[in-house]
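Visitor: I have a chain open on my screen and would like to go through it with you. Could we start with the backbone and work outwards from there?

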Amino acid sequence: MLGFLQHPVVVTAEVNLNMVALTAVGLLSRLWQLAYPRAVVFDEVYYGQYISFYMKRIFFLDGSGPPFGHMLLALGGYLGGFDGNFLWNRIGAEYSSNVPVWSLRLLPALSGALSVPMAYEIVWELGFSHCAATGAALLMLIENALITQSRLMLLESVLIFFNLLAVLSYLKFSNSQKHRPFSPRWCFWLVLTGVACSCAVGIKYVGVFTYLLVLGVAAVHAWHLIGDQTLSNVRVLCHLLARAVALVALPVLVYLLFFYAHLLLLYRSGPHDQIMSSAFQASLEGGLARVTQGQPLEVAFGSQVTLKNVFGQPVPCWLHSHQSTYPMIYENGRGSSHQQQVTCYPFKDVNNWWIVKDPGRHQLVVNNPPRPVRHGDVVQLVHGMTTRLLNTHDVAAPLSPHAQEVSCYIDYNISMPPQSLWRLDIVNRESDTDVWKTILSEVRFVHVNTSAILKLSGVPLPDWGFRQLEVVGEKLSWGYHESTVWNVEEHRYGRSQEQKERELELHSPTQVDISRNLSFMARFSELQWRMLTVRGDDSEHKYSSTPLDWVMLDTSIAYWLHPRTSAQIHLLGNVVIWASASLATLVYALLFVWYLLRRRRRVYDLPEDRWLRWVLAGALCAGGWAVNYLPFFLMEKTLFLYHYLPALTFQILLLPVVLEHVGDHLCRSQLQRSLFTALVVAWFTSACHVSNMLRPLTYGDRSLSPSELKALRWKDSWDILIRKY
């Protein structure tokens, strides 16, 4: 029975020494003196703020991308024991002793280092030689821009890592498909493809381009699978379902998981709260939640409320009025009603309070029991501090003449009676009898006399309106727009009929305790929408550039300058690699079109298996470059050189593929192949030489004289050579 113990347990493993060596040198190039410089470098000032928020559990909103990348950087801070106490306000500021610089930069550096052996694996899985695979990895290793970007607390190297992981996982899955479909290995690589795609999107929105590329290639392969007559219908259906679950459903679930963790970690109120809805703010600890704790849930006749505009653009603001009136004559010569101004004010103020009045009664207090206001009810809104009614009439708004002016009515004893009746329209109601609820209900106010809808135009008023935002009555309002939607943020039941007592009551705390918790999906939906719609800073930057500048390497970025010496770090690419990669992409496109035309004429220059390998390499590498580069021509945002790095990575993968193809298929004689090999060796030597020349600007560990710095700028050197000769 114990005979199996008579023989030793033997485990054999194949070790690819190329992979081991490439991984080792990749780690060395990215981790060497990683904590230097011990100062804030370029966009570290931007990401560092969010890391501090994570450490302190404070909610923030970043419109540049989903939270997964920020959480990875924060994980480095957590592992290093960072407490979040550092003022991220200046590039070049020295880090204090409590900032674990090495830990904060570790994950981007590991991502950059592991991208080197991953490039090897991708080219090998595409069916090309170990020599081509090693070439791709070495180019990734020595490319200066990739080294610089991966050694700092930035996200591009992490994005590149997951882009490559998604492509590599799909290639391994596709190759497993040929031998053992539905095996554990097959399932592992398929699932990892979906997870890697979701992670790429979770780092930055531009990761969706690689995800769509992988989906497109998978769709083509699935289409061919459907036409495979050797497979039964059930087998084909299982294949399609597996791909749909792993490449569509799973990435969505993982993406939601990122936000779930993000919202779970950030439960405290912070400086970015105001852009969110009142319901979202009330779900956070502190801030509005502290103000609204104990508010009545149902709005009743006599309730005192503040009304926040749901749109929140250009800034979050509340319906507001004050004693000042509209000028008799505007600057353009048009006349006004000279009524009391109504605006939207972006700050908390006692003049933001309104009383919900029953038009059929004079009292401004809540009955006992309260009479709740329901969808479709007609109400009047009384300004709390001036007791004047919210009003609109057929007078053009000051800055939006197509819309009606909104005011608080002043009786001037002229032929302009008040028109102060508004019908309540609960936009997110579940039935026509829904009650108006604090924070939760999104409502519109429809003017009974003119059918105009109370709307935030968002236009700042002139000095006579104190630069507050214009509020109008929009007559032509087809469909739903958030600028016409309001919600009650602060709410109390009015108990005082006398005005003096009521003014004191507006500042008193409420007594009724009603808890309201948003579901995760409601919070996710709002946060995702705000991320996609928040306006970023589109101003010009001294280092901003255009997509055309990237291809020609006609730009660079000074990341860091030593305050006392001339040592500095620049994001500057290796011109030999960048120019060669662009040339390789062009050569591939020309060869592909040439082969395609000849195949149409029944001339097959390549065997079928090599042709399919050539097409797949182009789809993933040239296609990866195109989908990660061309969309930037359509983006209206400030762009920098580092935006090109994901596209460059795919070009670098294509470069040794094209070189191997030219050497194997276009060089006919042995002499031609020998000459071509010599040229490739000379070219790679020059790339290594340029990489070594740029090393002081990549690592920033050596002082440079002005002449040395100018010599390292390839365009300046080229101009000097042209003038000399």
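Visitor: Where is F42 found?

Guide: In this model, which is a predicted one, F42 is found in the loop between α1 and α2. Its phi is positive, at about 45 degrees, although F42 is not a glycine.

Visitor: What sign does phi have in most residues?

Guide: Most residues other than glycine have a negative phi, and most peptide bonds are trans.

Visitor: And is F42 buried or exposed?

Guide: F42 has a relative accessibility of 5%, so it counts as buried.

Visitor: What else is in that loop, for instance where is P37?

Guide: P37 also has its place in the loop between α1, residues 17-31, and α2, residues 44-56. The peptide bond that leads from Y36 to P37 is cis, and its omega is near 0 degrees.

Visitor: Which peptide bond involving P369 is cis?

Guide: That is the bond from N368 to P369, with omega near 5 degrees, and P369 lies in the loop that runs between β4 (353-357) and β5 (378-383).

Visitor: Back to phi for a moment: what value does S451 have?

Guide: Phi of S451 is near 65 degrees, which is a positive value in a residue other than glycine. S451 lies in the loop between β9 (443-447) and β10 (453-460), and because its relative accessibility is 47%, S451 counts as partly exposed.

Visitor: What about H447, where does that one sit?

Guide: H447 has its place in strand β9, and with a relative accessibility of 0% H447 counts as buried. Leaving aside neighbours within four places in sequence, H447 is in contact with T392, Q419, S420, L421, W422 and A452.

Visitor: How far apart are H447 and L424?

Guide: They are separated by 23 residues in sequence, and their C-alpha atoms are 9.1 Å apart in space.

Visitor: Switching to the interior, which residues touch the most other members of the largest nonpolar core?

Guide: That core has 149 residues, and the ones touching the most other members are L126, F162, L527, Y559, W578, W614 and L653. The largest share of the core comes from helix α7, residues 156-177, which supplies 13 residues. A second, separate core of 28 residues includes V379, L454, V471 and W486.

Visitor: Which residues is Y559 in contact with?

Guide: Setting aside neighbours within four places in sequence, the contacts of Y559 include V41, F42, I91, T148, Q149 and L152, as well as I569, H570, L571 and Y642. So the F42 that we began with is among them.

Visitor: Now the helices: at what angle do α9 and α10 pack?

Guide: Helix α9, residues 207-226, and helix α10, residues 233-265, pack at an angle of about 170 degrees, and their axes are 10 Å apart. That angle makes α9 roughly antiparallel to α10.

Visitor: Which residues make the contact?

Guide: On α9 the contact is made by Y211, L215, A218, A222, L225 and I226, and on α10 by V236, H239, L240, R243, L247, V248 and P251. These residues divide into 11 nonpolar, 1 polar and 1 charged.

Visitor: To finish, how many helices and strands does the whole chain have?

Guide: The protein chain has 22 helices and 14 strands, and its C-alpha atoms fill a box of roughly 105 × 75 × 65 Å along the principal axes. Of its 725 residues, 53% are buried, and carbon and sulfur atoms account for 62% of an accessible surface of about 33,500 Å².

Technical notes:
Residues are numbered from 1 along each chain as its sequence is written. This is a predicted model: local features need pLDDT of at least 70, side-chain atom pairs count only at pLDDT 80 or more; totals for chains, interfaces and linings use all residues. Side-chain values use heavy atoms; hydrogens and water are left out. Axes are lines fitted to C-alpha atoms, for helices over the stretch in contact, and angles run from 0 to 180 degrees between N-to-C directions. Helices (H or I, at least four residues) and strands (E, at least two) are DSSP runs, numbered from the N terminus. Angles under 35 degrees count as roughly parallel, over 145 as roughly antiparallel, 65 to 115 as roughly perpendicular and the rest as oblique. Contact means heavy atoms within 4.5 Å. Ala, Val, Leu, Ile, Met, Phe, Trp, Tyr, Cys and Pro count as nonpolar, Asp, Glu, Lys and Arg as charged, and the others, Gly among them, as polar. Buried means under 20% relative accessible area, exposed over 50%, partly exposed in between (1.4 Å probe, protein chains only). Accessible areas come from the Shrake-Rupley method with a 1.4 Å probe; for residues, only the protein chains shown count as cover. A nonpolar core is a set of buried Ala, Val, Leu, Ile, Met, Phe, Trp, Tyr and Cys residues joined through side-chain atoms within 4.5 Å.
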